[in-house]
Amino acid sequence: MVVLDGELIVWKRGRTNFALLRRRVTAGRALLRLAHDCPAHYVLFDLLADVGGEVVLGLPPGWSSCSSMPRRSSP
(Lines give C-alpha, C1' and ligand atoms only; values in the text may rest on other atoms or scores of the structure.)
Protein backbone atom coordinates (compact mmCIF):
# COMPACT_ATOMS: atom_id res chain seq x y z
CA MET A 1 0.00 0.00 0.00
CA VAL A 2 1.19 3.54 -0.72
CA VAL A 3 0.03 6.81 0.84
CA LEU A 4 -0.63 9.63 -1.62
CA ASP A 5 -1.43 13.32 -1.15
CA GLY A 6 -3.54 15.01 -3.77
CA GLU A 7 -6.75 16.80 -4.57
CA LEU A 8 -9.90 16.21 -6.61
CA ILE A 9 -10.53 18.89 -9.21
CA VAL A 10 -13.04 19.61 -11.96
CA TRP A 11 -11.85 21.47 -15.06
CA LYS A 12 -14.23 23.88 -16.76
CA ARG A 13 -13.10 26.14 -19.61
CA GLY A 14 -9.43 25.57 -18.84
CA ARG A 15 -9.67 26.36 -15.11
CA THR A 16 -10.46 24.44 -11.97
CA ASN A 17 -14.02 24.88 -10.73
CA PHE A 18 -14.57 24.08 -7.06
CA ALA A 19 -18.28 24.92 -7.23
CA LEU A 20 -18.86 22.09 -9.75
CA LEU A 21 -16.94 19.67 -7.54
CA ARG A 22 -18.95 20.75 -4.49
CA ARG A 23 -22.24 20.20 -6.36
CA ARG A 24 -21.48 16.46 -6.46
CA VAL A 25 -22.07 16.22 -2.71
CA THR A 26 -25.74 17.14 -3.06
CA ALA A 27 -26.36 15.99 -6.65
CA GLY A 28 -28.52 13.03 -5.64
CA ARG A 29 -29.96 11.33 -8.74
CA ALA A 30 -28.21 13.84 -11.01
CA LEU A 31 -24.76 12.62 -9.89
CA LEU A 32 -24.19 10.31 -12.87
CA ARG A 33 -25.08 13.04 -15.35
CA LEU A 34 -22.93 15.57 -13.50
CA ALA A 35 -20.00 13.13 -13.36
CA HIS A 36 -20.34 12.53 -17.10
CA ASP A 37 -20.65 16.22 -18.01
CA CYS A 38 -17.96 17.46 -15.61
CA PRO A 39 -15.61 14.60 -14.69
CA ALA A 40 -13.38 14.96 -11.65
CA HIS A 41 -9.65 14.29 -11.79
CA TYR A 42 -7.22 13.40 -9.01
CA VAL A 43 -4.10 15.56 -9.06
CA LEU A 44 -1.25 13.89 -7.19
CA PHE A 45 1.07 16.18 -5.23
CA ASP A 46 3.23 13.88 -3.12
CA LEU A 47 4.06 10.29 -2.31
CA LEU A 48 4.00 10.18 1.51
CA ALA A 49 4.81 6.49 2.08
CA ASP A 50 6.13 3.93 -0.39
CA VAL A 51 4.86 0.43 -1.11
CA GLY A 52 7.01 -0.94 1.74
CA GLY A 53 5.36 1.41 4.24
CA GLU A 54 8.44 3.63 4.57
CA VAL A 55 7.61 7.29 5.07
CA VAL A 56 9.36 9.11 2.25
CA LEU A 57 8.32 12.65 3.05
CA GLY A 58 11.36 14.88 2.90
CA LEU A 59 13.64 12.31 1.28
CA PRO A 60 15.41 13.22 -1.94
CA PRO A 61 13.90 11.59 -5.06
CA GLY A 62 14.96 7.96 -5.37
CA TRP A 63 15.85 7.49 -1.70
CA SER A 64 13.20 4.95 -0.68
CA SER A 65 12.99 1.21 -0.25
CA CYS A 66 11.44 0.99 -3.74
CA SER A 67 14.62 2.30 -5.32
CA SER A 68 17.92 0.72 -6.23
CA MET A 69 19.64 3.73 -4.68
CA PRO A 70 20.89 3.42 -1.09
CA ARG A 71 18.44 4.31 1.65
CA ARG A 72 19.23 7.25 3.87
CA SER A 73 19.57 6.22 7.51
CA SER A 74 17.29 7.74 10.12
CA PRO A 75 18.78 10.40 12.42
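Start with the whole surface: the protein exposes about 6,000 Å², of which carbon and sulfur atoms supply 59%. Accessible areas here come from the Shrake-Rupley method with a 1.4 Å probe, and for residues only the protein chains shown count as cover. The model is a predicted one, in which local features need pLDDT of at least 70 and side-chain atom pairs count only at pLDDT 80 or more, while totals for chains, interfaces and linings use all residues. Residues are numbered from 1 along each chain as its sequence is written, and side-chain values use heavy atoms, with hydrogens and water left out.

**Whole chain**

Keep everything selected and colour by burial. Of the 75 residues, 19% count as buried (buried is under 20% relative accessible area, exposed over 50%, partly exposed in between; 1.4 Å probe, protein chains only). Switch to a cartoon: the secondary structure comes to 2 helices and 3 strands, in the sequence pattern β-β-α-α-β. Helices (H or I, at least four residues) and strands (E, at least two) are DSSP runs, numbered from the N terminus. Among contacts between residues at least 6 apart in sequence, 46% join residues at least 24 apart; contact means heavy atoms within 4.5 Å.

**The sheet**

Select the three strands. They form an open sheet in the order S2-S1-S3, with antiparallel pairing. S2 and S3 are the edge strands, each pairing on one side only. Two strands are taken to pair if DSSP finds at least two bridges between them. S1 and S2 pair in the antiparallel sense over 2 bridges. To see one of the partners, show Trp11 together with Thr16, its bridge partner in S2. In general, strands of a sheet pair through backbone hydrogen bonds, either parallel or antiparallel.

**Arg13**

Next, go to the loop between strand S1 (3-12) and strand S2 (15-16), where Arg13 is found. Arg13 is not a glycine, yet has a positive phi of about 55°. Arg13 counts as exposed because its relative accessibility is 79%.

**Leu48 in S3**

Move to strand S3 and pick Leu48. Leu48 has 24% relative accessibility, so this residue counts as partly exposed. Measure from the C-alpha atom of Leu48 to that of Val3: the separation is 5.3 Å, although the two are 45 residues apart along the chain. Leaving aside neighbours within four places in sequence, Leu48 is in contact with Val3, Leu4 and Asp5, and also with Glu54, Val55, Val56 and Leu57.

**Asp50**

Go on to the segment after strand S3 (40-49), where Asp50 has its place. Asp50 counts as buried because its relative accessibility is 1%. Show the side chain of Asp50: one of its polar atoms lies 3.0 Å from the backbone nitrogen of Gly52.

**The nonpolar patch**

Return to the surface view and select Val2, Leu4, Leu8, Tyr42, Leu44, Leu47 and Val51, which make a nonpolar surface patch of about 630 Å². Patches are made of residues with over 30% relative accessible area and no salt bridge; like charges are joined within 9 Å, nonpolar side chains (Val, Leu, Ile, Met, Phe, Trp, Tyr) within 5 Å. Which strand gives the most to the nonpolar patch? S3 does, with 3 residues. S1 and S3 each supply at least two residues. Val2 lies in the segment before S1, and is partly exposed because its relative accessible area is 39%.

**The salt bridge in H2**

How many salt bridges does a search of the whole structure find? The search finds 1, where a salt bridge is a side-chain nitrogen of Lys or Arg within 4 Å of a carboxyl oxygen of Asp or Glu. Select Arg33 and Asp37, which form a salt bridge with the closest N and O atoms 3.7 Å apart. Both residues lie in helix H2 (residues 31-37), 4 residues apart, about one turn of the helix. Asp37 counts as partly exposed because its relative accessibility is 45%. Side chains of opposite charge can pair when their charged atoms come close.

**Cys38**

The last stop is Cys38, in the loop between H2 and S3. Is Cys38 buried or exposed? Cys38 is buried, because its relative accessible area is 7%. Beyond neighbours within four places in sequence, Cys38 is in contact with Val10, Lys12, Leu20 and Arg24. The C-alpha atom of Cys38 is separated by 9.7 Å from that of Asn17, 21 residues apart along the chain.

Terms used: Polar contact = N/O pair within 3.5 Å; in protein donor to acceptor, adjacent residues only side chain to side chain.
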